[in-house]
Amino acid sequence: AVVELGGGRRRPDERIDHSVGFSGLAPIGAQVARGDTLALVHARTREEAERAAMAVLGSYKTGPAKPSLKKPVVRRIAAR
């Protein structure tokens, strides 16, 4: 979603717009209620903000219980 806003790159020659992105993301396992903010979207246009907001909403899953937290790093990839 950040790349779609222009805040990341698909190719090394693409420019990054440092004025767009997300902040205040609700962490995994956070207790939220209807109407609570999951994230703040920083975008250039209202249309881009709405698309990014939908991407954020699609990235979260809510339920009655906290998720079982797994290790966030599955394995490290390093030069040999």
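Which side chain does D13 meet in a salt bridge? The partner is R11, and the gap from N to O is 3.3 Å. Welcome to this predicted model, a protein chain with 2 helices and 2 strands. The points below start with the whole chain, move on to helix α2, and finish with the charged pairs.

**The chain as a whole**

- Following the sequence from start to end, you will meet the elements of the protein chain in the pattern α-β-β-α.
- The C-alpha trace spans about 45 × 45 × 15 Å along its principal axes.
- The radius of gyration of the protein chain is 16 Å, whereas a compact globule of 80 residues would have one near 12 Å.
- Of the 80 residues in the protein chain, 14% are buried.
- Take the contacts between residues at least 6 apart in sequence: 30% of these join residues at least 24 apart.
- The protein chain has an accessible surface of about 7,300 Å², and carbon and sulfur atoms account for 53% of that area.

**Helix α2, from end to end**

- Helix α2 covers residues 46-59.
- Its 14 residues should span 20 Å at 1.5 Å a residue, and this agrees with the end C-alpha atoms, which lie 20 Å apart.

**The two sides of helix α2**

- Which residues of α2 are buried? They are E48, A52 and V56.
- Looking down the axis of α2, you would find its buried residues within an arc of 75°, so they line one face of the helix.
- The cover over the buried residues of α2 includes helix α1 (2-5) and the strands β1 (21-23) and β2 (40-42).
- On the other side of α2, the exposed residues are R46, R51, M54 and G58.

**A salt bridge within helix α2**

- R46 and E50 form a salt bridge, with their closest N and O atoms 3.4 Å apart.
- Both partners belong to helix α2, where R46 and E50 are 4 residues apart, about one turn of the helix.
- Is R46 buried or exposed? R46 has a relative accessible area of 64%, so this residue is exposed.
- E50 has 43% relative accessibility and therefore counts as partly exposed.

**A network around R11**

- Which residues are joined into one network by salt bridges that share partners? They are R11, D13 and E14.
- One link in this network is the salt bridge between D13 and R11, at 3.3 Å from N to O.
- Another link is the salt bridge between the side chains of E14 and R11, where the N to O distance is 3.4 Å.
- D13 counts as exposed because its relative accessibility is 60%.
- R11 has a relative accessibility of 47%, so R11 counts as partly exposed.
- E14 is also partly exposed, because its relative accessibility of 22% is not under the 20% that marks a buried residue.

**The salt-bridge count**

- How many salt bridges does the count come to? The count comes to 6, and among them are D13 with R11, E14 with R11 and R46 with E50.

Technical notes. Residues numbered from 1 in each chain as written. Predicted model: local features only at pLDDT ≥ 70, side-chain atom pairs only at ≥ 80, totals over all residues. Heavy atoms only, no water. Salt bridge = Lys/Arg side-chain N within 4 Å of Asp/Glu carboxyl O. Buried < 20%, exposed > 50% of the residue type's maximum accessible area, 1.4 Å probe, protein only. Expected span 1.5 Å × (residues − 1). Arc of directions from axis to C-beta. Contact = heavy atoms within 4.5 Å. Rg over C-alpha atoms; globule rule 2.2 N^0.38 Å. Areas by Shrake-Rupley, 256 points an atom, 1.4 Å probe, with all protein chains shown as cover.
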